[in-house]
Amino acid sequence: MTEKLQGYIGTATGRVVLAHRPDIAERFERLPLRPATPHAPSSRRQLDAELRRIRDNGVATEEQQFRLGWSCVAAPVRDAGGTVVAVVGLTGLTGAYTPSRHVGTIALAAERLSVA
C-alpha cells in the first residue's frame, strides 16, 4: 500500500486524484510518506499544501518527484456531476520539457474531455 501512496504523492496525476477525491485520499491518511526522490513532499504538511494549490489552480505540476529525470503536468477530467473520474497529463524528460509551459494546454484538454 505504501508503494501506491508513492505513486499518488510523487506524480502530478496522482496528486490530482488525491486533491479532488477525498474518498481515495482517506485510504492513505495513516500511511507514512516515503518520497521516491528528494524533490517529493516529505511531510503531510507539504503534501496538504500542494493538494490545496492543485484544488485552487486546477492543475498539478511536478519535476522529478517520482522519477529523477522526468516531469509532469496533469489536470482532472470530470463527469456531469463534477466528480473527477479521470486525469489527463503530459510527462517528459526534465530539461527537454518544462511542465509549466503546458499548463494551459493540459487544462483545456481536461476541460474538453469532461462531460458537461
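Leu51 is in contact with Arg15, Leu18 and Ala19, leaving aside its neighbours within four places in sequence. This is a predicted model. Leu51 also belongs to the largest nonpolar core, and Leu51 helps to line the largest pocket.

**Nonpolar cores**
- The largest nonpolar core has 16 residues.
- Leu18, Leu51 and Ile54 have the most contacts inside this core.
- Four elements each supply at least two of its residues: α2 (12–20), α3 (22–25), α4 (44–57) and β2 (70–78).
- α2 gives the largest share of this core, with 5 residues.
- Another core, of 8 residues, lies apart from the largest one. Among its residues are Val73, Ala75, Val88 and Ile106.

**The largest pocket**
- The largest pocket has a volume of about 220 Å³.
- Its lining is made of 13 residues. Nearest its centre lie Leu18, Ala25, Glu29, Asp48 and Leu51.
- α2, α3 and α4 are the elements that give two or more residues to this lining.
- α4 gives the largest share of the lining, with 5 residues.
- By class, the lining has 8 nonpolar and 5 charged residues, and no polar ones.

**An unusual backbone angle**
- Most residues other than glycine have a negative phi.
- Gln64 is not a glycine, yet Gln64 has a positive phi of about 60 degrees.
- Where is the place of Gln64? Gln64 is in the loop between β1 (60–63) and β2.
- Gln64 has a relative accessible area of 22%, so Gln64 counts as partly exposed.

Definitions and conventions. Residues are numbered from 1 along each chain as its sequence is written. This is a predicted model: local features need pLDDT of at least 70, side-chain atom pairs count only at pLDDT 80 or more; totals for chains, interfaces and linings use all residues. Side-chain values use heavy atoms; hydrogens and water are left out. A nonpolar core is a set of buried Ala, Val, Leu, Ile, Met, Phe, Trp, Tyr and Cys residues joined through side-chain atoms within 4.5 Å. Buried means under 20% relative accessible area, exposed over 50%, partly exposed in between (1.4 Å probe, protein chains only). Contact means heavy atoms within 4.5 Å. On a 1 Å grid over the protein atoms alone, a cavity is a set of points where a 1.4 Å probe fits but cannot get out, and a pocket is an open set with protein on both sides within 12 Å along at least five of seven lines; lining residues have an atom within 4 Å of a point. Grid points are joined across faces, edges and corners, and a volume is the space filled by probe spheres set on the points. Ala, Val, Leu, Ile, Met, Phe, Trp, Tyr, Cys and Pro count as nonpolar, Asp, Glu, Lys and Arg as charged, and the others, Gly among them, as polar.
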